[in-house]
Amino acid sequence: MSSALDDLLDLLDLEQIEENIFRGRSRTAVIPRVFGGQVAAQALVAAGRTVPDDRSAHSLHAYFLRMGDPGAPIVYTVDRIRDGRSFTTRRVVAVQHGQPIFHLSASFQVYEEGLEHQAPMPPAPAPETLPTAAESLPAYAEHFIDPGVADRLLEARAAVDLRYVGAPPYGAVGEPRDPRSQVWFRAGGKLADDPLLHVCLATYVSDMTLLDSVLLAHGRGGWTVGDVVGASLDHAMWFHRPFRADEWLLYDQESPSSSGGRGLAQARIYTQDGRLAITVIQEGVVRVPR
């Protein structure tokens, strides 16, 4: 296991300071605010630690309310909304400097058998045939707003092996493309068998590239090249089937719409053998700088 993955796992290991209150810290971000995937994953950790072990997360719905301060701790307060025979519901509010910065509702379910069907996995090249971030990012450095962006991106994503199937938005600036993007990802080392950990790792990664498809539709490179200003607004995930975040997952993303300074992206995450594991939807601010 890499030291970067160790650091990420330590980041997700929240300190419990009261029965329903947890405290987390932040890692150095690529931009001067808390990474949205981090606060979402930490909030899900907090919720999951108040749920019986026989119940797994099956959905989350979240709003990003304010920019997080990476230099200050984040306090997560869990509200035990409901404990039913099959489902458990939790609400989590993340607070910094006395103000809520993030709100999450999550639902957990006891495993049961049921009807089965899924959308088929789309075609994609094998992940091993694609360049790593360390191999591909330097090639795009000339597009970035400053020469240190590539290094900061590599550092921020060092805990995860994330490989683009096609050119990322910053690799095709000025060339509008089909609003669809694919990446393969997995944790950069073997993880423990705790299902909550794998769900939280996938939640963390899910915020890294989801708005790419919005940018591709307009030939925009994103914050790395300075031609848009953006931030996540809300985020929803449904966990359909068990998966491991330390095995390859295909993140198939597309954008059906952008308007009013906002862009919508939706995605499906598949295991390498073709099982639909997760559905994700996110809306974000996507503004052209004046």
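**Briefing: cores, sheet and aromatic pairs**

The largest nonpolar core of this structure has 70 residues, and those with the most contacts inside it are V39, Y76, F102, F144, F243 and I278. Helix 2, spanning residues 36-48, gives the most to this core, contributing eight residues. The model is a predicted one. An open sheet of twelve strands is also present, with antiparallel pairing.

**Nonpolar cores**

- In soluble globular proteins, nonpolar side chains tend to be buried together.
- I278, one of the residues with the most contacts inside the largest core, touches A202, M237, W238, F239, H240, F243, A267, R268 and I269, not counting residues up to four places away in sequence.
- Apart from the largest core lies another core, of seven residues, among them W184, W248, L250 and Y270.

**The sheet**

- Strands of a sheet pair through backbone hydrogen bonds, either parallel or antiparallel.
- In the open sheet, the twelve strands follow the order 1-2-4-5-6-3-9-12-11-10-8-7.
- Strand 1 (15-18) and strand 7 (160-164) stand at the edges; each has a single partner strand, so one side of each is left without a neighbour in the sheet.
- On average, neighbouring strands of this sheet are turned by 25° against each other, direction ignored.
- Strand 7 pairs with strand 8 (residues 180-187) in the antiparallel sense, over five bridges.
- R163 stands opposite W184, a residue of strand 8; W184 also belongs to the core of seven residues.

**Helix 5 against the sheet**

- Helix 5 (residues 195-206) packs on the sheet, where it touches strand 3 (55-64), strand 7, strand 8, strand 9 (229-239), strand 10 (249-259) and strand 12 (276-287).
- The direction of helix 5 makes about 150° with that of strand 9.

**Aromatic pairs**

- The structure holds five aromatic pairs.
- F185 and Y251 form an aromatic pair that is edge-to-face, with 6.1 Å centre to centre and 70° between the planes.
- F185 lies in strand 8 and Y251 in strand 10, so this pair ties together parts that are 66 residues apart in sequence.
- F185 has a relative accessible area of 1% and is therefore buried, the cut-off for this term being under 20%.
- Y251 is likewise buried, because its relative accessible area is 0%.
- Y140, F144 and Y170 form one aromatic cluster; F144 is also among the residues with the most contacts inside the largest core.

Notes
Residues numbered from 1 in each chain as written. Predicted model: local features only at pLDDT ≥ 70, side-chain atom pairs only at ≥ 80, totals over all residues. Heavy atoms only, no water. Pairing = 2+ DSSP bridges. Helix = DSSP H or I, 4+ residues; strand = E, 2+ residues; numbered from the N terminus. Axes fitted to C-alpha atoms, helices over the stretch in contact; angles between N-to-C directions. Contact = heavy atoms within 4.5 Å. Core = buried A, V, L, I, M, F, W, Y, C linked by side-chain atoms within 4.5 Å. Buried < 20%, exposed > 50% of the residue type's maximum accessible area, 1.4 Å probe, protein only. Phe/Tyr/Trp six-rings, centres within 6.5 Å; stacked < 30°, edge-to-face > 60°.
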